[in-house]
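Work through the exercises below with the sequence and model open. Each task is followed by a stepwise solution.

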Amino acid sequence: MTYKLYDVLEIDKNASDEEIKKAYKKLAIIHHPDKNKGNPEADAKFKEISNAYSILSNPESKQRYDMLGDDNYNDGGGGGGAPDMNVDEIFNHLFNRSRNPFGGNSFFGFNNDQNQQNQCNNIIKQYNITLEDIYNGISKNLKFTIKNYCKKCNVTCDKCNGTGMIQQLIQMGPMTQIFQSHCHNCSTSGFCVKNNKDCQQCKGSGLFDSEHIAHLNMPKGFTDKTTVFAGLGEQPRTNKQKAGNMIIEFKLLDHKHFTKKDNDLYYKQSITFTESILGKAIIIPYFEEEIKININQFGIINPNKQYMLKNRGLPIMNSNGKKGNMIIEFNIKFPTKLTDNKEDLNKLNEILNECFMY
Ligand SMILES: [Zn+2]
Ligand SMILES: [Zn+2]
């Protein structure tokens, strides 16, 4: 998980509240638009650090951000930059229309994607798998602790009416300028927590944990990189929102004996030079089985060649028990020294010339 907001403020993720404040002050002075007139980069930078500060200076949004990271924090654009001015919101404000926090009802006919806005973020979790898991398939219950919002204690922010932004109209001669800034009351989330210590469910924190069991079921030889548990992602804060999904990303761990390529398994075997010619009985640990072969079944072993054991690879998904192959590569240890015994060498020369055929 990445936490770019800390980088934006040039601080460590363990920074104290005081350090966050200091860092913001320092950067805000440097990049303040008043000091950088006509410099759009400074303006953007100022917005960026202000956005980071608005999230990290609020204990509730900070906790949420620390929990979810850039990818899952519901701030658009990975929590990095400030959102762009929304003409729709400004017009709603100018004409005193109360804004539906989930879009729609647009003055310009912009069609906000209602579904997208009502859907909470997905949470991505990495799940380590082994070649044994692919060979045998997976059938397992996984337990997840889900963070839920207490619906009784999360209320729409009354400072920004749930939009997360505050608009100010300033009269400058004949022109009315609209200034839009982030709502610090709710850290742009549009929600506030009532802090009701008597609440049975959340004790005033606005959040409570619940345990969920999900069954992970993958067939033998599965090739999927991910699987999805619907509804176990970020949880809704109001009844109008729909829970996000939990996306499980499989990460294949290195195996003691094999590397995988599609349905094939690659196996490395070390042998001596003599064994490469005369053969050797070897045992290959193939999951619960042991494959016993003599390498002389492949003839003289060439270090630059690959040798195949058919149907000794990984199962092929939905193929009625078909399997890939095992590819064996040999690492041949060549002798480093010859005997000094002239007689032996002469004998060896004779034998080799007799036995070897090129
Ligand atoms: Zn607000
Ligand atoms: Zn509560």
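## Exercise 1: Placing E60

E60 lies in helix α4; helices are DSSP runs of H or I with at least four residues, strands are E runs of at least two, and both are numbered from the N terminus. The model is predicted: local features need pLDDT of at least 70, side-chain atom pairs count only at pLDDT 80 or more, and totals for chains, interfaces and linings use all residues. Residues are numbered from 1 along each chain as its sequence is written, chains are lettered from A and ligands numbered from 1 in the order in which they are written, and side-chain values use heavy atoms, with hydrogens and water left out.

**Task.** Find which residues E60 is in contact with, leaving aside its neighbours within four places in sequence.

**Solution.**
- Step 1. Apply the cut-off: contact means heavy atoms within 4.5 Å.
- Step 2. Set aside the neighbours within four places; the contacts of E60 are N154, F191, V193 and R237.
- Step 3. Check C192 by C-alpha distance: E60 and C192 are 8.9 Å apart in space, yet 132 residues apart in sequence.
- Step 4. Turn to the whole chain. Among contacts with a separation of 6 or more, 61% join residues 24 or more positions apart.

## Exercise 2: Helix packing

**Task.** Classify how α3 is oriented against α2 and against α4.

**Solution.**
- Step 1. Fix the method. Axes are lines fitted to C-alpha atoms, for helices over the stretch in contact, and angles run from 0 to 180 degrees between N-to-C directions.
- Step 2. Fix the classes. Under 35 degrees is roughly parallel, over 145 roughly antiparallel, 65 to 115 roughly perpendicular, and the rest oblique.
- Step 3. Take α2 (residues 17-31) and α3 (residues 40-56). Their axes come within 9 Å and cross at roughly 165 degrees. The two helices are therefore roughly antiparallel.
- Step 4. List the α2/α3 interface. I20, K21, Y24, L27, A28 and H31 of α2 meet A42, K45, F46, I49, S50, Y53 and L56 of α3.
- Step 5. Take α3 and α4 (residues 59-72). These axes come within 6 Å and cross at roughly 100 degrees, so the pair is roughly perpendicular.
- Step 6. List the α3/α4 interface. S54, I55 and L56 of α3 meet S61, K62 and Y65 of α4.

## Exercise 3: Two zinc sites

**Task.** Identify the donors of each zinc ion and give the geometry of each site.

**Solution.**
- Step 1. Collect donors: N, O and S atoms within 2.8 Å of the metal (3.2 Å for Na, K and Ca); water is not among the atoms, so sites may look incomplete.
- Step 2. For ligand 1, the SG atoms of C157, C160, C183 and C186 coordinate the zinc ion at 2.2 to 2.3 Å. Their spacing is C-x2-C-x22-C-x2-C.
- Step 3. Test the angles. Four donors count as tetrahedral if all angles lie between 85 and 135 degrees. Ligand 1 has angles of 105 to 115 degrees, so its arrangement is tetrahedral.
- Step 4. For ligand 2, the SG donors are C150, C153, C199 and C202, at 2.2 to 2.3 Å. Angles of 106 to 113 degrees make this site tetrahedral. The spacing is C-x2-C-x45-C-x2-C. C153, in the loop between β2 (138-149) and β3 (154-156), and C199, in the loop between β6 (191-193) and β7 (207-218), are 46 residues apart and link distant parts of the chain.
- Step 5. Compare with the ideal: 109.5 degrees for four tetrahedral donors.
- Step 6. Check burial: buried is under 20% relative accessible area, exposed over 50%, partly exposed in between (1.4 Å probe, protein chains only). C157 is buried at 1% and C160 at 5%. C153 is buried at 2% and C199 at 6%.

Technical notes. Four donors count as tetrahedral if all angles lie between 85 and 135 degrees; four count as square planar and six as octahedral if opposite donors are over 155 degrees apart and all others between 65 and 115; anything else is irregular.
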